[in-house]
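Here's a walk through one sheet and one pocket. Have the model open while you read.

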Amino acid sequence: ACYPHSLLTLSHAMSAPIAHPLWSRFASATADVASLTAASIQYAREFAAAAIGQRIREEDQQEHEVLQFVEVAETRFRTGCPGRRTQSTTTDNSFYSQMSPKSKSKSSCHISINAGTPPQQCEQNETCDMSSAATTRNRSLIRKLAVASLFTLTNIVAWHVSILNDGQDPRDYASMAIGLPFQASVQPEVSSGVGLVTTDGMWGKTAGEKYKDEDVKILGFTDKNYLPIARVWYNRMTVLGYTEHHIVAHDKSTYNTLRSESYRVIPCFIKNPDYGHPVRGLWQQIMSARLHLTIDILRNGTHILVTDIDNIFSRHVPLYGFLEEGYDVYHAYEMRYPTSIYAQSGYVICSGHQFLRSSPATLRFMELVIKRCRWGKCDDQVTYNRVFFYDLKIIWDNVDDPNHPGALRVNTTHPENSNLLVESVTGRSSVTNHTIKIWDRDFAWRLAGAIPEHCPSENNWLGMPTKLEDSLTGAGNKIFKKIAAFEVWDMSCRVKR
C-alpha cells in the first residue's frame, strides 16, 4: 500500500517469467485487480500467506486451501476484468494436466476445475498423496516469491531515488497509475506505431474544481443485438474510474434488462424498428436517433462524449480537461469512409467518437447535421463529414489545410491505413463560429488491423480497432469478434508496450 509502483511492478513481474500453473493463475488474476484498490492489497496478502506456507493447519488442510485459492483466482480472472473474454468452461483435469511430472507422480488424484463451480473432490475410492504435492508446490512458490520480491525491492529503491531527484510528492504518485491494471509502467511510452506520441489528454486534476458543477455525460448506444458488447464497455469504463457513462437503449427490452441489472441507462426508443433490414434500415434509424438525442441533451446544458460501445478505452482521462482546453467540438480521425469525401480532402472525421461542449456555437453545428439527416434515417458518418467539409468553411490554425505536404502520416503499405493523417489540428468554422479540434491519431487510435505493429503509445486514450484477423480474435460472428477485440487490444497493445 505504501509503494504503489512496486505493487504494480510485482504484479507485472509475476505475469511474465514464471510458468507454474498455480502461479500463472494468481498472476493473471493479480494483473487484473492490481489497481491499488483495497481488494488488490488484500489479495496480495492472501497470496503471501499461502506462498510462505504457514503451517497453521495440517498439510492436508493446506492442500484444501491451495485448491480454494486457485478457484478464487480463476473466478477473478473470468469476472474481474471486463476486457477479458468470458471463459464458460475449462477442460476437465486442466489443473492436473499442467502439473509438473514430479507433482503428478506424487498425486494420483485428477482435479477438475469448471468455471463457476468449486473444484471437484477426489472420488472416495481414490488414494491420493495430495499433501506431498502441496508441499512441492508451496516450496516452488516460495522460490518464485523471492524472485518477485527482488523486483519489488529494486523498484522501492528506484522510487525513493526518483523522489529525491525530482521532488515528486509520493502522495501524487499513485494518481499517475490511472487506467486498467494491465499498464505495467506509469512512464510514457517513447514511441508510437503511428509515428507520433500524443500529448492530448495529459492534464492533471488541478482544474477539476472549476468544472465540478458542469454536467458531463458519456453516451454509448445499443439495441438488443449489441447488448453483450454494451455490458463489456460499461464495466470496463467503471474499472477505469469513469462515473458519468451511460448506455442509451434503443428498444424497451434492452432498457428493462439494463435497468434490472443496475446499469445507468437512458431510453431512446426507435418507433417501429426496421429489424427486417438490419444491415441498412435499422442501422440508419439508430444513427438518426443518436443525432436527435445528442442535440436534445446539448440543448439541456449537458456536455457529451458520444462514443461507440465497441471503442476500447485504455485509461481514464478527466473530461473536464476538454472544457478547460476550450474547443467546442472534438473529433477523431477516421480511415477513408466516406470514400468520395476522402478522395477530395485526403482525410475524414469519425462520427463514432467525439466530444461536444454545450454551447450556442456547438448547437449551430448540430443543427446543420440534423438538417442533412432527412426522413428519420441517415448514415451519421456520411452526414457529419458532409457538414464538416461542405458546410462549415473551416479556417485552420497555423496551416492552410490539415492535408498539407508536410503532414505526418501513417507509414505503412496497408491499402486502408497508408498515408492516413496522424497529427492534431485546430480551427474555427466561419459559418457557425464553433471551434474545432481533431485529436492526434495516437490519442484516438483508428486503423484497420495493424495490431500489434502499429499500436499506439502509452499516452493513448482509446482504440477503435476494426477488421482484425481471425488469428487474433478467433473465428466467430460480429458480436463475438468485437468482444474478443477488447482482449486483443489489452494483450497486444497495452501489456507489451
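Strand E4 (residues 303-307) runs antiparallel to E7, and the pair is joined over four bridges. One bridge to find in the viewer is that of Ile 304, whose partner in E7 is Leu 356. Keep in mind that this is a predicted model.

E7 (residues 349-356) also pairs with E6, again in the antiparallel sense, this time over five bridges. E6 in turn has strand E10 (residues 435-438) as a parallel partner, with three bridges between them. Here are those pairings side by side:

| Strand pair | Sense | Bridges |
|---|---|---|
| E4 and E7 | antiparallel | four |
| E6 and E7 | antiparallel | five |
| E6 and E10 | parallel | three |

His 331 is a handy residue to click on in E6. Its bridge partner in E7 is Gln 354, and in E10 its partner is Ile 438.

How covered is strand E6 (residues 329-333)? Mostly: five of its five residues are buried. Val 329, His 331 and Tyr 333 point one way from E6, while Tyr 330 and Ala 332 point the other way. Both sets are buried.

Now zoom out to the sheet itself. It's an open sheet of nine strands with mixed pairing, in the order E3-E2-E1-E4-E7-E6-E10-E9-E8. Strand E3 (265-267) and strand E8 (394-396) are the edge strands, and each has a single partner strand, so one side of each has no neighbour in the sheet. From one strand to the next, the twist averages 30 degrees.

Over at the E3 end, helix H10 (residues 252-260) lies across E1, strand E2 (245-249) and E3. Relative to E3, H10 runs at about 155 degrees.

On to the pockets. The largest pocket has a volume of about 1400 Å³. Which of its lining residues are closest to the centre? Of the 38 that line this pocket, they are Tyr 226, Trp 283, Asp 308, Asp 310 and Lys 482. Strand E7 turns up again here: along with strand E1 (216-222), helix H11 (281-299), helix H15 (380-391) and helix H17 (478-495), E7 gives two or more residues to the lining. If you're thinking in terms of residue classes, the lining of the largest pocket has 18 nonpolar, seven polar and 13 charged residues.

So which strand links the two halves of this tour? E7 does: E7 pairs with E4, pairs with E6, and gives two or more residues to the lining of the largest pocket.

Definitions and conventions:
Residues numbered from 1 in each chain as written. Predicted model: local features only at pLDDT ≥ 70, side-chain atom pairs only at ≥ 80, totals over all residues. Heavy atoms only, no water. Buried < 20%, exposed > 50% of the residue type's maximum accessible area, 1.4 Å probe, protein only. Pairing = 2+ DSSP bridges. 1 Å grid on protein atoms, 1.4 Å probe; cavity = no way out; pocket = protein on both sides within 12 Å on 5 of 7 lines; lining within 4 Å. Points joined across faces, edges and corners; volume = space filled by probe spheres on them. Nonpolar A, V, L, I, M, F, W, Y, C, P; charged D, E, K, R; others polar. Axes fitted to C-alpha atoms, helices over the stretch in contact; angles between N-to-C directions. Contact = heavy atoms within 4.5 Å.
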